[in-house]
Amino acid sequence: MRRAISKLAVALVSLFVFTGIAFGQERKGLRVFISADMEGVAGAVDAEQLLPTGMDYPLFRKLLTAEVNAAIEGALAEGADKITVADSHGEELSILPDELNPKARLVRSGPRPLGMMEGIDQGFDAAILIGFHASINTPQAVRAHTLSSARYFDVRLNGKHASEAMLCAAIAGQFGVPVVLVSGDDKAIEEVHQTIDPGIEGVVVKRALGYESAESVSPQVAQSMIRDGTEKALARVGTFHPYVVSKPTTIEVTFKSMINAEILAFLPYVTREDGATIRFTGKDILEVERFMQVVGSYDSNK
Ligand SMILES: [Zn+2]
């Protein structure tokens with residue numbers, strides 16, 4: 001009898017140890033999705049850094065890539081074994097592929113159905129937003145806009161002023177994936193905390209002084225803050241909640257030029273709310289994002 005009990009005990013202990021190892025391996029194999037914009041990179045403040053025609057653009061492509069690599073290093077240190085990066089700035093061709101950590105895969109160019117979050121699906125445990133900026137509704141924030149500073153005056157998701165971070169978090173949320181870290185200027189992080197989740201790890205790489213001005217830490221300091229922040233966030237990955245928006249999902253866009261609203265409202269499923277504003281309702285955020293890809297690709301040039 002005693003022998004039987006001890007055999008049983010050994011079997012149970014082995015089972016726990018084995019299961020523990022199995023769980024340990026599973027936890028180590030984190031799957032991390034990274035979307036990277038450029039306005040929130042340390043030192044970036046105006047078109048000279050952000051547009052391909054700008055004198056600093058080649059340098060800031062390197063600095064953007066280095067900030068993304070810092071997040072990748074943090075993720076690898078926490079045991080990530082699958083990392084996908086979406087290049088999400090401008091033409092979505094800013095990250096230098098040959099300088100990106102080879103452990104990550106890179107999503108480039110567009111239009112693409114999921115926009116800044118293309119590449120994400122249920123197969124990820126966490127999403128990270130690098131180099132992000134505030135929406136147009138946040139005063140005194142570096143390059144504050146949503147999707148297009150040239151074309152949109154305002155974008156609202158289910159009636160709420162939407163930042164790009166909010167749209168990205170909603171897409172991730174549709175797949176059950178939480179945003180765990182956002183880097184950018186102080187105003188961008190403040191907006192993320194107020195509108196999405198105060199628990200998201202925020203990495204403030206610069207203090208906004210205005211639309212085209214900031215007091216920034218050095219690129220090296222920003223990179224080490226992002227690396228440390230990523231490790232910290234992923235170490236508590238189980239404490240985050242996906243940002244889920246209600247369905248059906250409505251997007252309203254107020255254009256800077258009225259002609260865009262006028263023409264898009266020719267479509268039978270688009271409602272014109274006022275001279276410059278249109279509204280579209282999709283069954284979920286993924287349909288809304290696809291609609292926004294069409295709106296973003298269309299340009300009346302007026
Ligand atoms: Zn952006």
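Me: Before anything else, when does a residue count as buried here?
Reply: A residue is buried if 20 or more other C-beta atoms lie within 10 Å of its own, and exposed if 12 or fewer do; in between, it is partly exposed. The model to which this applies is predicted.

Me: What share of the chain counts as buried, then?
Reply: Of its 302 residues, 45% count as buried.

Me: And how many helices and strands does the chain have?
Reply: There are 8 helices and 12 strands. Among contacts between residues at least 6 apart in sequence, 68% join residues at least 24 apart.

Me: Let us turn to Glu 92. Where does it lie?
Reply: Glu 92 is in the loop between strand E2 (80-87) and E3. Its phi is positive, about 65 degrees, although Glu 92 is not a glycine.

Me: Why does Glu 92 count as buried?
Reply: Glu 92 has 20 C-beta neighbours inside 10 Å, and the cut-off for buried is 20 or more.

Me: What about Asn 158: what is its phi?
Reply: Asn 158, which is not a glycine either, has a positive phi of about 50 degrees. This residue sits in the loop between strand E5 (152-157) and strand E6 (160-161). Asn 158 is partly exposed because 17 other C-beta atoms lie within 10 Å, a count between the two cut-offs.

Me: Changing topic, which peptide bond leading into Pro 111 is cis?
Reply: The bond from Gly 110 to Pro 111 is cis, with omega near 0 degrees. Pro 111 belongs to the loop between strand E3 (104-107) and strand E4 (126-132).

Me: And which residue is joined to Pro 248 by a cis bond?
Reply: Lys 247 is joined to Pro 248 by a cis peptide bond, with omega at about -10 degrees. Pro 248 is found in the loop between helix H6 (219-235) and strand E10 (249-255).

Me: Now helix H3: how many residues does it have?
Reply: Helix H3 (residues 57-77) has 21 residues. From first C-alpha to last it reaches 30 Å, close to the 30 Å expected at 1.5 Å a residue. H3 is followed by Gly 79, whose phi is positive, near 95 degrees.

Me: Last topic: which helix holds His 193?
Reply: His 193 lies in helix H5 (residues 186-195). His 193 is partly exposed, as 14 other C-beta atoms lie within 10 Å.

Me: Beyond its neighbours within four places in sequence, which residues is His 193 in contact with?
Reply: They are Pro 198, Ile 200 and Gly 202. As for Val 182, it is 11 residues from His 193 in sequence and 9.7 Å away in space, C-alpha to C-alpha.

Key
Residues are numbered from 1 along each chain as its sequence is written. This is a predicted model: local features need pLDDT of at least 70, side-chain atom pairs count only at pLDDT 80 or more; totals for chains, interfaces and linings use all residues. Helices (H or I, at least four residues) and strands (E, at least two) are DSSP runs, numbered from the N terminus. Two residues are in contact if their C-beta atoms, placed from the backbone, lie within 7 Å. The expected span of a helix is 1.5 Å times one less than its number of residues.
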